[in-house]
Amino acid sequence: MIAAKSSIKVIPFSIAIEEEILTDLRDRIRNTRWPSKAPGAAWEQGMDLDYLKQLLGYWADGFDWPAQERELNKFSHFSAELDGSHIHFVHQRAKHGHGIPLILTHGWPSTFVELLPLVPLLTDPHAYGIDGPGFDVVIPSLPGYGFSDRPAQGPVNYQRVARLWHRLMRG
């Protein structure tokens with residue numbers, strides 16, 4: 001039996017991380033107390049320490065978060081309350097006509113950002129020489145990931161996420 005369409009409150013969402021939070025993150029990275037190198041070849045006992053230092057150095061002093069925010073905010077972001085948690089999602093409609101609803105979900109651990117390159121191909125396939133239908137694409141952030149709240153109570157498993165995504169798509 002298919003449940004009646006439920007109504008959920010959808011709120012526009014914009015990614016805007018406060019500078020004080022970014023400054024705190026950069027300071028924490030710069031003040032990391034590093035362990036000594038593991039014996040043996042690089043990557044033999046986990047992540048290579050030199051690589052990790054280089055990566056975090058980039059995050060502290062090279063990564064341009066405001067530019068990344070501008071790129072991410074080119075997509076339509078929203079938030080909806082589902083089962084007491086705010087769930088973030090991107091919703092882009094087909095460029096032409098009525099699109100076929102399609103939900104794309106990332107895995108553990110991952111992020112909605114990895115799926116964003118698919119959005120133009122799915123919402124405007126003709127612009128890319130693809131002869132096929134356009135889709136209304138929804139890309140939610142899993143509970144506790146990205147900009148979605150972590151639920152107060154668990155478990156968060158594939159069954160719960162499937163129920164949440166069903167409610168999101170029906171709402």
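Arg28 and Asp24 form a salt bridge, with their closest N and O atoms 2.7 Å apart, where a salt bridge is a side-chain nitrogen of Lys or Arg within 4 Å of a carboxyl oxygen of Asp or Glu. Both residues lie in helix H1 (residues 19–30), four residues apart, which is about one turn of the helix; helices (H or I, at least four residues) and strands (E, at least two) are DSSP runs, numbered from the N terminus. This is a predicted model, in which local features need pLDDT of at least 70 and side-chain atom pairs count only at pLDDT 80 or more, while totals for chains, interfaces and linings use all residues. Residues are numbered from 1 along each chain as its sequence is written, and side-chain values use heavy atoms, with hydrogens and water left out.

The whole structure holds eight salt bridges, and three of them are set out below.

| Pair | Closest N to O |
|---|---|
| Arg28 and Asp24 | 2.7 Å |
| Glu19 and Arg26 | 3.0 Å |
| Arg93 and Asp136 | 3.7 Å |

In the last of these pairs, Arg93 lies in the loop between strand S3 (85–92) and strand S4 (100–103) and Asp136 in strand S5, so the pair ties together parts that are 43 residues apart in sequence. Arg93 is exposed, at 55% relative accessibility, whereas Asp136 is buried, at 13%; buried means under 20% relative accessible area, exposed over 50%, and partly exposed in between (1.4 Å probe, protein chains only). Glu19 counts as partly exposed at 45%, while its partner Arg26 is buried at 17%. Salt bridges that share partners also join Asp27, Arg30 and Asp61 into one network.

Turning to the interior, the largest nonpolar core has 15 residues, and Trp65, Leu104, Phe112, Leu116, Val137 and Ile139 are those with the most contacts inside it. Such a core is a set of buried Ala, Val, Leu, Ile, Met, Phe, Trp, Tyr and Cys residues joined through side-chain atoms within 4.5 Å. Helix H3 (65–72), helix H4 (118–123) and strand S5 (135–140) each give two or more residues to this core, and S5 gives the most, with three. A second, separate core of 11 residues includes Phe89, Leu142, Trp165 and Leu168.

As a whole, the protein chain has five helices and five strands, and 32% of its 171 residues count as buried. The C-alpha atoms of the chain fill a box of roughly 60 × 45 × 35 Å, taken along the principal axes.
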